[in-house]
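Visitor: I would like to learn how to read the features of a structure such as this one, step by step. Could we take it up with the sequence and the model in view?

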Amino acid sequence: MVLLPLTFQIPKFNQVSRFCMAMKKPEETVVASSDRYEMRIPHVLSVAGSDSGAGAGIQADLKTCAARGVYCSTVITAVTAQNTVGVQDVNIMPEGFVSEQLKSVLSDMQVDVVKTGMLPSTGIIQVICQRLKEFPVQALVVDPVMVSTSGDVLACPTIISVLQDELLPMVDLVTPNLKEASALLGGMPLNTISDMRHAATLIHQMGSKNVLVKGGDLPDSLDAVDIFFDGKDLHELRSSRITTRNTHGTGCSLASCIAAELAKGSSMFSAVKISKQFIERALNYSKDISIGNGPQGPFDHLCRLKSREQSSYRQGSFNQSDLFLYAVTDSGMNKRWDRSITDAVKAAVEGGATIIQIREKDAKTRDFLEAAKSCIEICHTHGVPLLINDRIDVALACGADGVHIGQSDIPVHAARSLLGPDKIIGVSCKTPEQAEQAWLDGADYIGCGGVYPTNTKANNLTVGLDGLKKVCLASKLPVVAIGGINHSNAAAVMEIGVPNLKGVAVVSALFDRQCVLEETLKLHATLVEATALSPAK
Ligand SMILES: Nc1ncnc2c1ncn2[C@@H]1O[C@H](COP(=O)(O)OP(=O)(O)OP(=O)(O)O)[C@@H](O)[C@H]1O
Ligand SMILES: Cc1ncc(CO)c(N)n1
Ligand SMILES: [Mg+2]
């Protein structure tokens, strides 16, 4: 037998190391030992059945975790002969051997989160409970697989009482589909969203801390609606229902995505929301693929990686034209003109700013958070996104649309894994190499500068119009120019004539002035005129 070392050699990782050790539950923990660095990646253990068609079960869990950047180990509970037509046969693993597999992984491999799928015998459920008591983990997500959407029975009803009595009280989240929720509730019919809400509260009483009743199979529903209950509040999670036959394995993939996001440090509710979006996007991307001849095909979990290769930037909710007039707040300037941050943001947005970044270097976190929340309200009523400078924690806590980070802040890939796939991430870049790295790491745009000298940033190297042009030509991401830009030079910046320069970011030209509204209106008009003339248009 060959034993492979499970550590990764990471030279020159001091920066990440410092960041990671400061966080409670980082995506990657880098531990310095005497002569090398060891990087730990978040780890989900999937305890589930094998699907020979590889759309559901263990195979879906492995692909989902890979797509989410999380390591996945596996304990196999059953092997199914299965394809797009249905389940032809099932071979259940002996419980003693399931127990051995659990011990092998849990005793050695630092598992963060356990996700269970097909648990086909009461004995198997009991050994899982025993092993988890012996080797506790951070969270347990249980997809109580009993009946697949194809109607095939994957666990007999005798497991229900053990599930309820022994496993559910240990569980952080249970994710039944409609048939499974009904089975847990003694056959209660579930036909409407109101039935699902009621079911979620009843299942919660069985001991699981959180419950997600999945409505993929809800009849006559235009949306795909799931109900989440945390013991206090009921949330209705809606996504558009994708018209496709390729929905086999959505349940397994949803639960393993939740486990993966939890392992990365997300809260339960945001893990659930991110995962629902992941399924919606993957189904949308895979809606036309054709595998097998049966009624329900598999989807493609790695779609995001592929769609990224096919286009020059990440597919997401980010609209490049939002970079057109990018206003960055400054607490010093607000103080000087005796205005609140919300008044400053309101005036900029009303004057035509297309995106706002709140940059608060000195404020107390609590004040920053409160100000950010009221700014978001203003921005969102005008359809303008709001980003937070540097502070991922504040961005997450206030529900901002994203962050802007610098070269010495948290690495983009770590920010991405904390923020999820849909938040906007911008990075300051001065060179083509930094722009390339930002793209590789999953950023949405880059800010390039200082184009002109500026006094808002001490010792900031000026790249000039030439440097800006060089970065724009090399960048695969849209670019916003920053640094010393004002009414008199904005046109010259936009007129360098490179297609992916999408706008200018300004601080003093708007906020170090008496009337922010007037200045913003003026700059907006200048930019409109300049881009109408620009050769890149
Ligand atoms: N056509 C669809 N479009 C968008 N989302 C869907 C669609 N079908 C299912 N979903 C979503 O996928 C997730 C899994 O739901 P579903 O009710 O299908 O689970 P399941 O029956 O356990 O899945 P399976 O047995 O196929 O693995 C839910 O979040 C659900 O809303
Ligand atoms: C092995 C396995 N687990 C779970 C499901 C539920 O989709 C399935 N069809 N097969
Ligand atoms: Mg289904």
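Guide: Let us start with a pair of neighbouring strands, keeping in mind that this is a predicted model. Strand β18 (residues 479–482) and strand β19 (residues 501–506) are paired over four bridges, and the sense of their pairing is parallel.

Visitor: What holds such a pair together in general, and which residue of β19 stands opposite Ala481?

Guide: Strands of a sheet pair through backbone hydrogen bonds, and the pairing may be parallel or antiparallel. In the present case Ala481 faces Val504 in β19, while Ile482 has Ala505 of β19 opposite.

Visitor: How many bridges join β17 and β18, and which residue in β18 is the bridge partner of Ile446?

Guide: There are four bridges between β17 and β18, again in the parallel sense, and Ile446 has Val479 as its bridge partner in β18.

Visitor: In what order do the eight strands of the barrel follow one another?

Guide: The barrel closes through eight strands in the order β12-β13-β14-β15-β16-β17-β18-β19, with parallel pairing. From one strand to the next, the twist averages 25°. On this sheet packs helix α16 (residues 432–440), which touches β16 (424–429) and β17 (445–449) and whose direction makes about 165° with that of β16.

Visitor: What is the order of the strands in the open sheet, and why is one side of β5 and of β11 left without a neighbour?

Guide: The open sheet has nine strands, arranged as β5-β4-β3-β6-β7-β8-β9-β10-β11, and its pairing is mixed. Because β5 (87–92) and β11 (234–240) stand at the edges with a single partner strand each, one side of each has no neighbour in the sheet.

Visitor: Where in this open sheet could I look for a parallel pair, and which helices lie on it?

Guide: Strand β6 (residues 113–116) and strand β7 (residues 139–142) run parallel and are joined by four bridges, with Val113 standing opposite Ala139 in β7. Helix α2 (residues 57–67) lies across β3 (43–51), β4 (71–82) and β6, and runs at about 145° to β3. Helix α3 (residues 95–106) also packs on the sheet, where it touches β3, β4 and β6, and its direction makes about 160° with that of β4.

Visitor: Let us turn to the ligands. How many residues surround ligand 1, and which are the closest?

Guide: Ligand 1 is surrounded by 20 residues, of which the closest are Asn177, Lys214, Gly216, Asp226 and Ile242. By class, this shell holds six nonpolar, nine polar and five charged residues.

Visitor: Which polar contacts should I look for around ligand 1?

Guide: Begin with Asp226, which has a polar side-chain atom 2.4 Å from an oxygen atom of ligand 1. An N or O atom in the side chain of Lys276 lies 2.9 Å from an oxygen atom of the ligand, whereas for Thr247 it is a polar backbone atom that is 3.4 Å from a ligand oxygen atom. Of the 630 Å² of accessible area that ligand 1 has on its own, the protein covers 95%. The elements that give two or more residues to the shell are β10 (223–229), α8 (250–264) and α9 (268–286), and α8 provides the largest share, four residues.

Visitor: How is ligand 2 enclosed, and how many charged residues does its shell contain?

Guide: The residues around ligand 2 include Gly49, Ser50, Gln82, Met118, His248 and Cys252, and a polar side-chain atom of Gln82 lies 2.7 Å from a nitrogen atom of this ligand. Taken alone, ligand 2 exposes 290 Å², and the protein buries 93% of that. Its shell divides into five nonpolar and six polar residues, with no charged ones.

Visitor: Finally, how should I read unusual backbone geometry?

Guide: As a general guide, most residues other than glycine have a negative phi, and most peptide bonds are trans. Here a cis peptide bond joins Gly449 and Gly450, with omega about -5°, and Gly450 is found in the loop between β17 and α17 (464–474). Asp338, a residue other than glycine, has a positive phi near 55° and is found in the loop between α11 (331–336) and α12 (341–350).

How values were computed
Residues are numbered from 1 along each chain as its sequence is written. Chains are lettered from A and ligands numbered from 1 in the order in which they are written. This is a predicted model: local features need pLDDT of at least 70, side-chain atom pairs count only at pLDDT 80 or more; totals for chains, interfaces and linings use all residues. Side-chain values use heavy atoms; hydrogens and water are left out. A residue is near a molecule or strand if one of its heavy atoms lies within 4 Å of it. A polar contact is a pair of N or O atoms within 3.5 Å; within protein, one must be able to donate a hydrogen and the other to accept it, and residues adjacent in sequence count only if both atoms are side-chain atoms. Accessible areas come from the Shrake-Rupley method with a 1.4 Å probe; for residues, only the protein chains shown count as cover. Ala, Val, Leu, Ile, Met, Phe, Trp, Tyr, Cys and Pro count as nonpolar, Asp, Glu, Lys and Arg as charged, and the others, Gly among them, as polar. Two strands pair if DSSP finds at least two bridges between them. Contact means heavy atoms within 4.5 Å. Axes are lines fitted to C-alpha atoms, for helices over the stretch in contact, and angles run from 0 to 180 degrees between N-to-C directions.
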